[in-house]
Amino acid sequence: MPTSSYDLNLNRNAVNLVIVKAFLGDEDSITELLDAGGAIEDAVYGFAFGGHFKLVSDITDDKPELKKFAARGYARGKHSEEVMALRSDASLLGALLYGHAQAGNSTHVQAALNSRGGAKYLPVILEGLASTEQTELLLHLVKGTRFYTLALQSAAKSGHTDLVQRLFAAQSISLDELKSDATKLNHDIKVVLTYAMQGYIKG
């Protein structure tokens, strides 16, 4: 039975079918899924996440532009030697921090944010934290910033409904109140709800 686009792209906790099969090192399934329209970027990420180093290098040696997806996977999988090898490439720091955030690695996240110029990585860190429901660290870092909608969209994309509700609450948005009194649905709230809906659609 052919794999549907829905099955290929359904995203839960920042993984889809291609990522799962790659994480397991299932090369035959990956070949079939890529032929069905799966993303090579997801395969690289999954192979790296699962620690299948040769499978990663077999792809990235020919397509070095995919190294950022390997960086994300290695960092999420806490493969320290591979992470260290990539840290010297400044263009991959954002990808590494995204993966560290997905892994809930607060040490790497805080060190990056406290470094000179590190604030520029806050959006990608928040996105990574939200994608894997690292709730407490996310809520701490997003407080007082303009990146709530980014975090909200990422949480929704990965199907983290509880986190979406926490982010709504942090912005004093109550869906129950909106249901009972539509006059409270102002422009700003509509914008926030739109980001959430876009995330659920992408996931």
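The crossing of helices α12 and α15 is right-handed, in what is a predicted model. Helix α12 covers residues 148-157 and helix α15 covers residues 187-202, and their axes come within 7 Å and cross at roughly 30°. Angles under 35 degrees count as roughly parallel, so α12 runs roughly parallel to α15. On the α12 side, the contact is made by Thr-149, Leu-152, Gln-153, Ala-156 and Lys-157. On the α15 side, Val-192, Tyr-195, Ala-196, Gln-198, Gly-199, Tyr-200 and Lys-202 take part. Sorted by class, this contact of α12 with α15 comes out as six nonpolar, four polar and two charged residues.

Next comes helix α8, residues 93-102, which is mostly covered, with nine of its 10 residues buried. The buried set is made up of Gly-94, Ala-95, Leu-96, Leu-97, Tyr-98, Gly-99, His-100, Ala-101 and Gln-102. What do these buried residues of α8 pack against? Their partners are five helices' worth of stretches: α4 (40-49), α6 (67-76), α7 (80-86), α9 (106-114) and α10 (122-131). After α8 comes Gly-104, with a positive phi near 70°.

Two of those partner helices, α4 and α6, turn up again among the aromatic residues. The count of aromatic pairs comes to three. In one of them, the ring centres of Tyr-45 and Phe-49 are 6.0 Å apart and the planes sit at 50°, so this pair is tilted. Both residues belong to helix α4, where Tyr-45 and Phe-49 are four residues apart, or about one turn of the helix. Are they buried or exposed? Tyr-45 has 6% relative accessibility and counts as buried, and Phe-49, at 17%, counts as buried too, because the cut-off for buried is under 20%.

Phe-53 and Tyr-74 make another tilted pair, at 5.8 Å centre to centre with 50° between the planes. This pair links distant parts of the chain, with Phe-53 in helix α5 (residues 53-60) and Tyr-74 in helix α6, 21 residues apart. Here Phe-53 is partly exposed at 35% relative accessibility, whereas Tyr-74 is buried at 7%. Going back to Tyr-45 and Phe-49, these two join Phe-23 in one aromatic cluster.

Last, there is Glu-177, found in helix α14 (residues 175-180). With a relative accessible area of 41%, Glu-177 is partly exposed. How far apart are Glu-177 and Gly-159 in sequence and in space? They are 18 residues apart in sequence and 23 Å apart in space, going from C-alpha to C-alpha.

Note on methods:
Residues are numbered from 1 along each chain as its sequence is written. This is a predicted model: local features need pLDDT of at least 70, side-chain atom pairs count only at pLDDT 80 or more; totals for chains, interfaces and linings use all residues. Side-chain values use heavy atoms; hydrogens and water are left out. Axes are lines fitted to C-alpha atoms, for helices over the stretch in contact, and angles run from 0 to 180 degrees between N-to-C directions. Helices (H or I, at least four residues) and strands (E, at least two) are DSSP runs, numbered from the N terminus. Angles under 35 degrees count as roughly parallel, over 145 as roughly antiparallel, 65 to 115 as roughly perpendicular and the rest as oblique. A crossing is left-handed if the near helix is turned anticlockwise from the far one by less than a right angle, and right-handed if clockwise. Contact means heavy atoms within 4.5 Å. Ala, Val, Leu, Ile, Met, Phe, Trp, Tyr, Cys and Pro count as nonpolar, Asp, Glu, Lys and Arg as charged, and the others, Gly among them, as polar. Buried means under 20% relative accessible area, exposed over 50%, partly exposed in between (1.4 Å probe, protein chains only). Rings of Phe, Tyr and Trp (its six-membered ring) pair if their centres lie within 6.5 Å; planes under 30 degrees apart count as stacked, over 60 as edge-to-face and the rest as tilted.
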